[in-house]
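Colleague: I am new to this structure and would like to know how its labels were reached. Please set each value against its definition.

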Amino acid sequence: MADDEAKKAKQAEIDRKRAEVRKRMEEASKAKKAKKGFMTPDRKKKLRLLLRKKAAEELKKEQERKAAERRRIIEERCGQPKNIDDAGEDTIKRVIKEYYDRITKLEDQKFDLEYVVKKKDFEISELNSQVNDLRGKFVKPTLKKVSKYENKFAKLQKKAAEFNFRNQLKVVKKKEFTLEEEDKEKKPDWSKKGDEKKVKEEVEYEA
């Protein structure tokens, strides 16, 4: 009996300790969840899905709105399509004249709008320049990107061209010029005979 009571008491003590450990773990888990706040991982996932769905719907509505606006502008500027399958010559001429007048009017409007846009751009540029002058800021001009190896490559090409040009030059010795000059100074044989004949005639004349 005593052994049974001891075993029961020991088992009860073990169960009590297990219950305490389980209770502490549950309290820690609750505290951890409380720290995370309202946005749990599941709620975050659902929120992301809802946001994506809402964004897709808004994008679709925006595309439909742009398409409707485009159709409205085309109908306003070009008018309704004309049925000219069974139309006569006068009707076709009238339709062509209507389209021509409409195109001319649109071209005039386009020219006026382009002029207004250019004028506004110029005014904006002038105002920006004045603001920068008042602030004392210097606007850096946009510089062209140049490769740092480009100048080196050009110099190497120039040196190579000079080297080839020097190698192609013919080496001329000084003696060649002296020989040519000596040859020029020498008189031909026929000129010597003429000189001898002239001297002989002078001697005969004196005699």
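Modeller: Start with a cut-off: buried means under 20% relative accessible area, exposed means over 50%, and partly exposed lies in between. This is a predicted model.

Colleague: Why is K54 called partly exposed?

Modeller: K54 has a relative accessible area of 47%. That value lies between 20% and 50%, so K54 counts as partly exposed.

Colleague: What makes R52 exposed?

Modeller: R52 has 60% relative accessibility. Exposed requires over 50%, so R52 counts as exposed. R52 lies in helix α2, residues 41-78, and belongs to a positive surface patch with K44, K45 and R48.

Colleague: Why is that patch called positive?

Modeller: The patch is formed by K44, K45, R48 and R52. Lys and Arg count as positive, so the patch is called positive.

Colleague: How do you know that E58 forms a salt bridge with K54?

Modeller: The closest N and O atoms of E58 and K54 are 3.8 Å apart. The cut-off is 4 Å between a side-chain nitrogen of Lys or Arg and a carboxyl oxygen of Asp or Glu, so the pair counts as a salt bridge. Both residues lie in helix α2, four residues apart, about one turn of the helix. E58 is partly exposed at 41% relative accessibility.

Colleague: What makes R16 and E20 a salt bridge?

Modeller: Their side chains meet at 2.7 Å, N to O. The limit is 4 Å, so R16 and E20 qualify. Because they are four residues apart in helix α1 (residues 2-36), about one helical turn separates them. R16 has a relative accessible area of 40% and E20 has 35%; both values fall between 20% and 50%, so both residues are partly exposed.

Colleague: Which residues of helix α2 form a salt bridge at 2.5 Å?

Modeller: R72 and E69 do, with their closest N and O atoms 2.5 Å apart. They lie in helix α2, three residues apart. Salt bridges that share partners also join E13, R16 and E20 into one network. The structure holds eight salt bridges.

Colleague: What share of the chain counts as buried?

Modeller: Of the 207 residues, 1% count as buried. The protein chain has six helices and zero strands.

Colleague: Which helices have the lowest and the highest mean pLDDT?

Modeller: Helix α5 (residues 174-185) has the lowest, 49, and α2 the highest, 89. The protein chain averages a pLDDT of 75, and 66% of the residues score at least 70.

Definitions and conventions: Residues numbered from 1 in each chain as written. Predicted model: local features only at pLDDT ≥ 70, side-chain atom pairs only at ≥ 80, totals over all residues. Heavy atoms only, no water. Patch = residues over 30% accessible without salt bridge, like charges linked within 9 Å, V, L, I, M, F, W, Y side chains within 5 Å. Areas by Shrake-Rupley, 256 points an atom, 1.4 Å probe, with all protein chains shown as cover. Charge placed at Lys NZ, Arg CZ, Asp CG, Glu CD. Helix = DSSP H or I, 4+ residues; strand = E, 2+ residues; numbered from the N terminus. Buried < 20%, exposed > 50% of the residue type's maximum accessible area, 1.4 Å probe, protein only. pLDDT = per-residue confidence, 0-100.
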